[in-house]
Amino acid sequence: MKPVAIIGGGITGLTTAYQFHKKKIPFHLYESGSRLGGVIETVERDGYLAECGPNTLLETSSEITRLIEGLNLTERRCYADPEMKNRFITRNGRPVSIPLSPIAFFTSSFFSVYTKWRLMIEPFLGRYSGDKEESLADFVKRRLGNEFLDYAINPLVGGVYAGNPEELSVKHGFPKLYALEQKYGSLIRGQINGTRERKRKGTVSKQDVKMMTFDKGLQVLIDAIANRIKEHTDNSTTISRLESDPDGWELFSSTTKESIPRKHSAVLLTAPAFTMAKMEIGTSGDTPLKELSEITYPPVSSVALGFRREDVGHSLNGFGVLNPEKENLNTLGTIFSSSLFPNRAPEGHVLLTSYMGGSRSPDLALKPENEKIDLLLNDLKKLLHVSGKPTFINIRDYEKAIPQYVIGYDRFKNRMDQVEKQQPGLFIAGNCRNGISLSDSIMSGYSSADRIEKSLNETNILKPTGV
Ligand SMILES: Cc1cc2nc3c(=O)[nH]c(=O)nc-3n(C[C@H](O)[C@H](O)[C@H](O)COP(=O)(O)OP(=O)(O)OC[C@H]3O[C@@H](n4cnc5c(N)ncnc54)[C@H](O)[C@@H]3O)c2cc1C
């Protein structure tokens, strides 16, 4: 049987490949870079262990747990230190621990009396009645007010999406939030009903889901899958053209300028949208996904700095600090990496991972490294009372980091649906289609494996002959 071609060796493509490996469905994975993992990469140097891209994975579903167990990684999984629950948001130039429970919300002085009142009346506000798609900012202002937008949602969206709530679509970027209003008419009522439903079903809410990594960082997950599929992987192979005929799919590599010397039963695209946009699909040289080039991916710099413990005045007793746009700082936020997970810094030292740029200030991410470090140190001095020079520096620039699910994202999703329909045997997955988090990407990899297996069964390709 011809293998399924998986294009892109980030976590989406790797998850699908691992599913096929387990089910003994032939596949071949093509990755343009010299290594697998996509935006995931862990660096170990001078006693520090730093993530270049994502830092944490949320174990949101039993499939993720099964993936870890199947790869024999259970013992190597590290959950975030439960003592480090504090989450800081900068307010008036200093990090303030935000209230995380309803009682703390009403008793703390983080939000004004007006915002507390806004929260109390939220269950009595009706559903959105307008006919225009709403931005996240408009949705939050309407239901919870401006202060909640500026000091809760704006920093959160900067930290998760490197995005701007005025541009992001609540429907596409935050489907669960959108669904709460649609289903219950209120976020608070939805929250209460959701808690009841989860108790009944024995599931946990996203806030209670455990945050994790591995003893040697997220790279452990990549290496574990990569080792199992290495005979079916070609690195340094950029696929630029796909052609199908009754005999299967032929792939062309722009790296070797030649066709790949095997035919494929189906193709899964998991490359970023801006790459899929350039792919020629079919014999006429058409690029049917070209519209995807309009999906914005703002640049982000991820900067991990190590310090001697005595050079950092803050207690670092929490997850990290997020910076609202109103605070006019250079960074989107900083994760207290060595507080969250063990073995991130040598004895007597700490590791802080900060992000710069995003939709809020793309120019900052594009500055030369030394300027970025100076700007970051200014923030860290103000917020965490850092003095002294860093003992470790690791910078990774993502020129196009995270796809932004902005207002009107429907048209990109519709285009992907349409191209799949027009090209039987072609499947599209990844963080521009199924959500941007690592857990979304893993689930996208799982569901792609299921969809492709089903389609191969329907076309009798997987059915044993002569039965
Ligand atoms: C800086 C940063 C921090 C993040 N932090 C977090 C976090 O803490 N937690 C979280 O849940 N999520 C986080 N995310 C998001 C999450 O990491 C990504 O959405 C997810 O890893 C995307 O995986 P993917 O496989 O879909 O795409 P990618 O990782 O982008 O992989 C796509 C792969 O396709 C390859 N490719 C491209 N073109 C071709 C071609 N023509 N032929 C062959 N191969 C090709 C690329 O080289 C790449 O390896 C972060 C993202 C970034 C950038």
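This is a short tour of the structure, stop by stop, with something to select at each one. Keep in mind that you are looking at a predicted model.

**Stop 1: the whole chain**

Start with everything shown as a cartoon. You should find 16 helices and 21 strands in the chain. The radius of gyration is 23 Å, close to the 23 Å that the globule rule gives for 467 residues, so the chain is as compact as a globular protein of that length. Turn the model around and picture a box along its principal axes: the C-alpha atoms fill roughly 70 × 55 × 40 Å.

How much of the chain counts as buried? The share is 43% of the 467 residues. Now think about which parts of the chain touch each other. Taking the contacts with a separation of 6 or more, 70% are between residues 24 or more positions apart.

**Stop 2: the seven-stranded sheet**

Next, select β8, β7, β17, β18, β19, β16 and β20. In that order these seven strands make an open sheet with mixed pairing. Look at the two ends: β8 (94–97) and β20 (392–398) each have a single partner strand, so one side of each is left without a neighbour in the sheet. As you step across the sheet, the twist averages 25° from one strand to the next.

Zoom in on residues 320–322 and 333–335. These are β17 and β18, an antiparallel pair joined by three bridges. Click on Gly-320 and look across to β18, where its bridge partner is Ile-335.

Stay here and colour the loop between β17 and β18, where you will find Asn-328. Is Asn-328 buried or exposed? Asn-328 counts as exposed, with 9 C-beta neighbours inside 10 Å. Its backbone is worth a look too: phi of Asn-328 is near 50°, a positive value in a residue other than glycine.

Now add residues 146–160, which form helix α6. This helix lies across β7 (87–91), β17 and β18, and runs at about 110° to β17.

**Stop 3: a second asparagine**

Select Asn-72, in the loop between α2 (62–70) and β6 (77–79). Its phi is near 55°, again a positive value in a residue other than glycine. Asn-72 is exposed, with 9 other C-beta atoms within 10 Å.

**Stop 4: the four-stranded sheet**

Hide what you have and show β13, β12, β11 and β15. They form an open sheet in that order, with mixed pairing. The edge strands, β13 (258–259) and β15, pair on one side only.

Go to the middle of the sheet first. Strands β11 (residues 239–245) and β12 (residues 248–253) run antiparallel, joined by six bridges. Together they make a hairpin, with two residues between the strands.

Arg-241 is a handy residue to click on here. Which residue in β12 is the bridge partner of Arg-241? That partner is Phe-252. Arg-241 also stands opposite Glu-280 in β15. The pairing of β11 with β15 (residues 280–281) is parallel, over two bridges.

Then follow Phe-252 outwards to β13, where its bridge partner is Ser-259. Here β12 and β13 pair in the antiparallel sense over two bridges.

**Stop 5: around the ligand**

Now bring up the shell around the ligand. It consists of 37 residues, and the closest are Gly-8, Gly-10, Gly-38, Pro-54 and Leu-438. The elements giving two or more residues to this shell are α1 (11–23), β16 (300–308) and α16 (438–458). Try colouring the shell by class: you should get 16 nonpolar, 20 polar and one charged residues.

**Stop 6: Ile-11**

For the last stop, select Ile-11 in helix α1. Ile-11 is buried, with 30 other C-beta atoms within 10 Å; the cut-off for buried is 20 or more. Leaving out residues up to four places away in sequence, Ile-11 touches Gly-38, Ile-40, Leu-438, Ser-441, Ile-442 and Gly-445. Two of those names, Gly-38 and Leu-438, should ring a bell from the list of residues closest to the ligand.

To finish, draw a distance line from the C-alpha atom of Ile-11 to that of Lys-22. These residues are 11 apart along the chain, and the line should read 16 Å.

How values were computed:
Residues numbered from 1 in each chain as written. Predicted model: local features only at pLDDT ≥ 70, side-chain atom pairs only at ≥ 80, totals over all residues. Rg over C-alpha atoms; globule rule 2.2 N^0.38 Å. Buried ≥ 20, exposed ≤ 12 C-beta atoms within 10 Å, placed from the backbone. Contact = placed C-beta atoms within 7 Å. Pairing = 2+ DSSP bridges. Axes fitted to C-alpha atoms, helices over the stretch in contact; angles between N-to-C directions. Near = placed C-beta within 6 Å. Nonpolar A, V, L, I, M, F, W, Y, C, P; charged D, E, K, R; others polar.
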